[in-house]
Amino acid sequence: MVRFAEELRDRPRDELIGIVKGFNNEENLRAVLTFIRDRLTELAGKGITLEFPKHGSDG
C-alpha cells in the first residue's frame, strides 16, 4: 500500500478522487476470494496442503 501511495502522490486531486470513486469493494473482495479458492484448489490438486498453528490452551 505504501508503494501505491508513493506512486500516486503527485497525481492530480481529481484523478485521485476518480480512483476512489471507481473502487468497488464488494467486487474486489469477490475477485480476491475467487483467486484464493482457485489457488487452494490448484495446490490441493498437486497434493500440497497448508497447516496452520493451533492457538489457545489446546494446542
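## A tour of a three-helix chain

With the whole chain in view, begin with its overall dimensions: the radius of gyration is 19 Å, whereas a compact globule of 59 residues would have one near 10 Å. The model is a predicted one, and along its principal axes the C-alpha trace spans about 50 × 30 × 20 Å. Colouring by secondary structure shows three helices and zero strands, arranged along the sequence in the pattern α-α-α.

Next, switch on the molecular surface. The accessible surface of the chain is about 5,900 Å², and carbon and sulfur atoms account for 58% of that area. If you colour by relative accessibility, the buried class will be found to hold 2% of the 59 residues.

Now go to the beginning of the chain and select Arg3 together with Phe4. Arg3 lies over the face of Phe4, at a distance of 4.7 Å from the ring centre. A search for pairs of aromatic rings, by contrast, returns a count of zero.

Move along to Arg11 and Glu15, and display their side chains. The two are joined by a salt bridge, with 2.7 Å between N and O, and it is one of six salt bridges found in the whole structure. Are these two partners buried or exposed? Neither label applies, because partly exposed covers the range between under 20% and over 50% relative accessible area: Glu15 has a value of 32%, and Arg11 has 37%.

The next stop is Asn24, which is placed in the loop between α2 (13-22) and α3. Asn24 is classed as partly exposed, at 38% relative accessibility. From here, draw a distance from the C-alpha of Asn24 to the C-alpha of Glu51: the two residues are 27 apart in sequence, and the line between them runs 32 Å through space.

Then select helix α3, which covers residues 25-45, and look for its charged side chains. Arg39 and Glu42 both belong to this helix and are three residues apart, about one turn of the helix; their side chains form a salt bridge with an N to O distance of 3.2 Å. Add Lys46 to the selection, and a salt bridge between Lys46 and Glu42 appears, with the closest N and O atoms 3.4 Å apart. Which residues are linked in this network of salt bridges? The members are Arg39, Glu42 and Lys46. As for their accessibility, Arg39 is partly exposed at 36%, Glu42 is likewise partly exposed at 38%, and Lys46, at 58%, counts as exposed.

For the last stop, keep helix α3 in view and select Ile36, which is found in that helix. Ile36 is partly exposed, with a relative accessible area of 40%. Why can Ile36 be counted in a surface patch? A patch takes residues with over 30% relative accessible area and no salt bridge, so Ile36, at 40%, passes the area cut-off. To see the complete patch, extend the selection to Val32, Leu33, Phe35, Leu40, Leu50 and Phe52, which together with Ile36 make a nonpolar area of about 730 Å² on the surface.

Conventions. Residues numbered from 1 in each chain as written. Predicted model: local features only at pLDDT ≥ 70, side-chain atom pairs only at ≥ 80, totals over all residues. Heavy atoms only, no water. Patch = residues over 30% accessible without salt bridge, like charges linked within 9 Å, V, L, I, M, F, W, Y side chains within 5 Å. Areas by Shrake-Rupley, 256 points an atom, 1.4 Å probe, with all protein chains shown as cover. Salt bridge = Lys/Arg side-chain N within 4 Å of Asp/Glu carboxyl O. Helix = DSSP H or I, 4+ residues; strand = E, 2+ residues; numbered from the N terminus. Buried < 20%, exposed > 50% of the residue type's maximum accessible area, 1.4 Å probe, protein only. Phe/Tyr/Trp six-rings, centres within 6.5 Å; stacked < 30°, edge-to-face > 60°. Lys NZ or Arg CZ within 6 Å of the ring centre and 35° of its normal. Rg over C-alpha atoms; globule rule 2.2 N^0.38 Å.
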